Amino acid sequence: MTQPTQRWLNKAAEDFRVMRREFRNTEEPAYNAICFHAQQCIEKLLKGFLQENQINSPKTHNIRELILLALPVRPEWMKLIDSAIILNRYAVDFRYPDDEAYKEDAEEAVEICERIRRIILDALEESDQLRL
């Protein structure tokens, strides 16, 4: 795995840790932050995946767009588009006072993040094994 890819994965891991830690918080969970970090984790993992596969990624927060760029390498990821659209909302919507995330939003964000994260990490691991 290249250094630039590893840097993306490190950033994604940090977002994942923050999301999980806040999700386990039973006192006053910050649902907006959980949703945001779920989106950020997947965005950064996808950028790392694209980096590793020598696909230029634009400066975007749009997970759907990033998945579309990955389709030549992983056409089966087309099934992730609906989930990507849900996560895209969390990049911006809940960061402004007019919209609030609730427990159900956070639960959905965590579930999507964990599922897509595993898919991307498995793909990266598979790529590494193929190079050996």
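**Cysteines, burial and a charged patch in a predicted model**

User: Where is D93 found in this predicted model?

Analyst: D93 lies in the loop between helix 4 (81-92) and helix 5 (103-131).

User: Why is D93 called partly exposed?

Analyst: The relative accessible area of D93 is 31%. Buried requires under 20% and exposed over 50%, so D93, at 31%, falls in between and counts as partly exposed.

User: Which residues form the negative surface patch?

Analyst: The patch is formed by D93, D98, D99 and E100. Patch residues need over 30% relative accessible area, and D93 has 31%.

User: How do you know that C35 does not form a disulfide with C113?

Analyst: A disulfide needs two cysteine sulfur atoms within 2.5 Å. The closest cysteine sulfur to that of C35 is in C113, at 11 Å, which is too far for a bond.

User: What makes C41 and C113 too far apart for a bond?

Analyst: The sulfur of C41 is 3.8 Å from that of C113, its closest cysteine sulfur. The cut-off is 2.5 Å, so this pair is too far apart for a bond. A search of the whole structure finds zero disulfides.

User: Why are C35 and C41 called buried?

Analyst: C35 has 0% relative accessibility, and C41 has a relative accessible area of 0%. Buried means under 20%, therefore C35 is buried, and C41 is buried as well.

User: Is I34 buried or exposed, and where is I34 found?

Analyst: I34 is found in helix 2 (residues 31-52). Its relative accessibility is 0%, so I34 counts as buried. I34 and A109 are 75 residues apart in sequence, and their C-alpha atoms are 7.5 Å apart in space.

Note on methods. Residues numbered from 1 in each chain as written. Predicted model: local features only at pLDDT ≥ 70, side-chain atom pairs only at ≥ 80, totals over all residues. Heavy atoms only, no water. Buried < 20%, exposed > 50% of the residue type's maximum accessible area, 1.4 Å probe, protein only. Patch = residues over 30% accessible without salt bridge, like charges linked within 9 Å, V, L, I, M, F, W, Y side chains within 5 Å. Areas by Shrake-Rupley, 256 points an atom, 1.4 Å probe, with all protein chains shown as cover. Salt bridge = Lys/Arg side-chain N within 4 Å of Asp/Glu carboxyl O. Lys, Arg positive; Asp, Glu negative; His and termini not counted. Charge placed at Lys NZ, Arg CZ, Asp CG, Glu CD. Helix = DSSP H or I, 4+ residues; strand = E, 2+ residues; numbered from the N terminus.
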